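Student: Please pick one proline loop in this model and look at it closely. Then connect what you find there to the backbone, the strands and the cysteines elsewhere.

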Amino acid sequence: MNPETKEIPNRFDFASAAPEIYQQWLDKGCFNADVDPSKKPFTIVIPPPNVTGALHLGHALNNTLQDIQIRMHRMQGFSALWMPGTDHAGIATQAIVEKRLKETENKTRHDLGREKLVERIWQWKEQYEKRILGQLQQVGCSCDWRRTRFTLDPMCARAVRSTFFDLFSKGLIYRGKRLVNWDTFLQTAVSDDEVNPETVKGHFWHLRYPIVDAKPGEPTYVTIATTRPETMLGDTAVAVHPDPEEALNKYEATLKEKLEGANAKDQPGIQAQLDDLSVRRQELLPQLILLANMARDGRKLRLPLVEREIPLVVDAWAKPELGSGCVKITPAHDPNDYEVALRCSLPMLNIMNPDGTVNENGGPYAGLTMPKARNKVVAAMDYLGFLEKTEDREIELKHSDRSKTPIEPYLADQWFVRMEQLAQSAMDAVSNGDVKIYPARYANGYMDWLGEKRDWPVGRQLWWGHQIPIWSKSFENVSDAQSLKFKIDAMPERASGLLSVSLEEPTTLHVCIRDEDPGLEAKLQSLGLERQADVLDTWFSSALWPHSTLGWPDQTADLEYFYPTSTLITSRDIITLWVARMVLMGLNNVGKVPFQEVFIHPKILDGYGETMSKSKGNGVDPLDVINKFGPDALRFGLVWLCTETQDVRMPVQFECPHCEALVNQTKENRAQPTVVCDKCGKTFSTQWAEAESDKAHPKAPVVSERFEVARNFVNKLWNASRFVMMNLEGFQPQAVDFEKLPLEDQWILSRLATVTKATQTELKRYHYAEAARVVYDFAWDHFCSLYVEMAKPRLQDPAARPLVQQILAHCLDSMLRLLHPITPFVTEAIWQELARFAPSRDLQSTAPPSKWIIQASWPTVNEAHIRPSVEKQFAHFVDLVGAIREIRSRQNLGPKDQVPFCVRCEPEMEQLLAPMSSFLSSMAGAHATQWSQNPTLPSINAHVAIDQMDVFVDLTQFIDVAAEISRNEKLLSNLMKQIQGKEGRLSNESFVSKAPADIIAKERQALEELIAQRSVAEQAIEKLRQL
RNA sequence: GGGCGAAUAGCUCAGUUGGUUAGAGCGCCACUCUUACAAAGUGGAUGUCGGGGGUUCGAGUCCCUUUUCGCCCA
């Protein structure tokens, strides 16, 4: 043994090695990517993590996948830029800081004021950005850290201003009244994408509104039904269908059509609806027709409680087939009612304050929260006799994703981006292939969402974000507005394109400024214009990420060289919110798509198929995994599970801090503050521990045993390398003539070339798990279990030794390169060691490889080495070893017992395998006595039939008769089953007449072989029984 | 209600255009501390491919239907 190698420990000490290696990469500037005309660019922009908190396992997966592409392309000679950064995440971040403020200081944001709050959030950002970037570094991410950006930094801010100004000038940004989802807790509008419907228990209240001056024969009241009775305070009409009879006819027709097409199970339900319809026709229709006529006459209702007169109107929104056929209209608090109000020119009455209490329009109910107002309204209506009945009902209630509180629909001023053209451009980019989405099925959702072309509400009533760069003023009359507009149009900044102005009908003026310009802002303020308080939706700045980070709006060299980026790797839940918007903004701003490919990776779920989250207690912190298994195991483990079709399901365990046992996490124990270890019986605490008594127990990290496979693999790689290095003493690089190599060398080189090719192909098409599997099998099964085992005796032979050393060194070298993108630390550590023993080891070139594997070149595929015939021949050897090993095991032979065997085979096989006899001795503990077409069989033997060979192991010394009989019987029954199947198939006339000839021939041949094997087995049993 | 996806060994997952006896890792059983690795080695056991129909000489794979689960949208 080489004395030097004694120093190599038999475990990779990742805890001390990884940070050191990472620091060296940093110091050497290995991650830096610059414009280099001699290279092709390869660019990825990171999906910027939110600065709301620490990274979770999903981030670890996302970033590992990116790092693999970056490292591979860097090795392939690209100028590989990975652009890092974080996202300010408007609502989420502000919500967290506000929550903190409330908990620790019992203050609201209004106590602090805008400036102070924003200052606090910056502090939070600094803290978490540092933590997030640190985590990425521990995972091994090779980002160009010099370029780290933040969506709220000056560079991004400039891009946001330019974009906003451009869209505003093109008339693609406008302000309108829209019904928004109002979060009364955060006091901001949230987008449709940020609300979740939840089914809750509620009621359906039937209320009566009296008709003013009902004439004889007319009803004295109308009945309406609602799930939100408090909104009656804001009612401005009641609607009835203009032609109830026609509407019912239409409804009946659709029901009948549906009935015909329905299956037996659904039919009764539809029939019941039809029955209900005919009752309606008789009992309700005459009155609805009457009410429609009264509405046309301009008749009024008296709205109880607030005692307002409101009109009865006709509108098709009132469905005669539902409820009473009449519907209350609350334009300011319901999207459908809002549409009705527009059609019928009804007033819109807002009854809610931003904090979720009833405002002065609610009369006596002003100041109450909406739920309290509901109780009072219902009680009062009941008291007055206007409550007809109350039904229990399950209702879908929208909840804010951020605050988890119920949403109040609410009419407010909102800024919108007009999506018609922008959305179309992003759709075209995918349909014409400029942007390719993998896996392709995700293009559907992208297309459907963009296809709706819904205008994008971009304003948020927050303080944390890019403030909308618009100054506005409303006037009493049109002429005042016009005259100011004239004045502003005449300003020099207007002519130089720094300012744009638009008039919102009828009398509001909006001015947008392109750049941060305090002088100009002051000028506008002196004209009485005031800046909009709202900030932009977070996704507005994220949408610019691929070009804003490269310096746009300046035409920088970076932008020219690195844009469009090569690929975007992200998770499926933001395909619409983020990916689609990046495409349309890139096209609008730069005129080119932001990336050529998009890869959507799986989500990580826990063992129950639920998404991991801190609030459930099933989240796994990547750092816990790194501490236990190492960064390479974390990465390899994630990649190993990252398959095409399925989400990653990962059962989660607590690691007992007392005994290190893994305790399965259940839905019960993951919610407890303390858990008792089922191995050592001691108690440990979880993330929920708050009481001092609970906190006294040590906290258990949450990990997953899924990473054990990867940890073991890293260890295998480490030790295989250790073996190679231990045996490189006296190594001299030598030229190798492939054609003259022994079979085993040709074989491993053929495997290596094939695996190199496959790894590269699979990684390029984002089949990560497949790539990992290919290298894993090569390293473990082909290299370690076979080639290294065969190398052991050869290394003892002075004649063979130099060649074996050369092949070992070369294979290890290539394997390290192939694995480097997935497991960067351990490969770099081994690479450094290997250079001490074999500074130059390439088969083709004598030039020493790069000092750092991160900068080494990607292995090239040597097509000439790919030999299917060699691999087939070698398979015979592997079969033979397996056959003998099986007999040995069945006979319970000790490892030192050498058994003789003979083989019946053709001369070609003998030629092939006889030279490999020595390997059979070392690997199977067996020596061949004969290779022949007609060997003399040992008197007591165990027979195994393998492809083109009959192997007879001489058991004269060892036989365990019972074991051998039972082995043969089992074999026999297996053979019988197969023979039966084949005979059945071959006697089936239609198979013989219809199946292709080659398939039939194959079946026939297989049958013959099986029959031959059957008779051998039968004879063997017979013979054994006689002993 | 609409769309997408999944269901294969005890667990987590592969399975390319339909074609011998459906694979891997973990776990399990047995035997080995054999001088790279016990986080290892060798061998072994384990499946009505969710259910039901259909197409085909032949279906885990294609078609229809159904159940369950997950995600997205309304």
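Tutor: We start with P553, which sits in the loop between α18 (545-548) and α19 (557-562). The model is predicted. The bond to look at is the one between W552 and P553: this peptide bond is cis, with omega at about 15°. Most peptide bonds are trans, and most residues other than glycine have a negative phi. Departures from either habit are therefore worth listing.

A cis peptide bond also links Y438 to P439, where omega is about -10°. This proline, too, belongs to a loop: P439 lies between β15 (436-438) and α13 (442-451). The loop of P553 has a helix on each side, α18 and α19, whereas the loop of P439 runs between a strand and a helix.

Next come residues with a positive phi. D213 is not a glycine, yet its phi is positive, at about 50°. D213 is part of the loop that connects β7 (195-210) with β8 (221-226). Is D213 buried or exposed? Its relative accessibility is 64%, so D213 counts as exposed, the cut-off being over 50%.

E307 is another residue other than glycine with a positive phi, here near 55°. Its place is the loop between β10 and β11. With a relative accessible area of 47%, E307 is partly exposed. The strands on either side of this loop, β10 and β11, make a hairpin with four residues between them. L305, in the turn, has a positive phi as well, of about 70°.

The hairpin leads us to strand pairing. Strands of a sheet pair through backbone hydrogen bonds, either parallel or antiparallel. Strand β10 (residues 300-303) and β11 run antiparallel and are joined by four bridges. In this pairing, L303 is opposite R308 of β11. Strand β11 (residues 308-314) also pairs with β9 (residues 237-240), this time in the parallel sense and over three bridges. Across that pairing, A239 faces V313 in β11. Both senses of pairing thus meet in β11: antiparallel with β10 and parallel with β9.

Further along the chain there is an open sheet of three strands, in the order β28-β27-β31, with antiparallel pairing. Its edge strands are β28 (662-664) and β31 (702-703), each of which pairs on one side only. Strand β27 (residues 653-655) is joined to β31 by two bridges. There, Q653 stands opposite V703 in β31.

Last, the cysteines. A disulfide is a covalent bond between the sulfur atoms of two cysteines. How many disulfides does a search of the whole structure find? The count is zero. C784 shows why: the closest cysteine sulfur, in C811, is 11 Å from its own, which is too far for a bond. C784 counts as buried, because its relative accessibility is 9%. C905 gives a similar account: the closest cysteine sulfur to its own belongs to C902, at 9.9 Å, again too far for a bond. C905 is also buried, at 5% relative accessibility. For both pairs, the cut-off to keep in mind is within 2.5 Å.

To return to the starting point, P553 follows a cis peptide bond from W552, and its loop lies between α18 and α19.

Conventions. Residues numbered from 1 in each chain as written. Chains lettered and ligands numbered in written order. Predicted model: local features only at pLDDT ≥ 70, side-chain atom pairs only at ≥ 80, totals over all residues. Heavy atoms only, no water. Buried < 20%, exposed > 50% of the residue type's maximum accessible area, 1.4 Å probe, protein only. Pairing = 2+ DSSP bridges.
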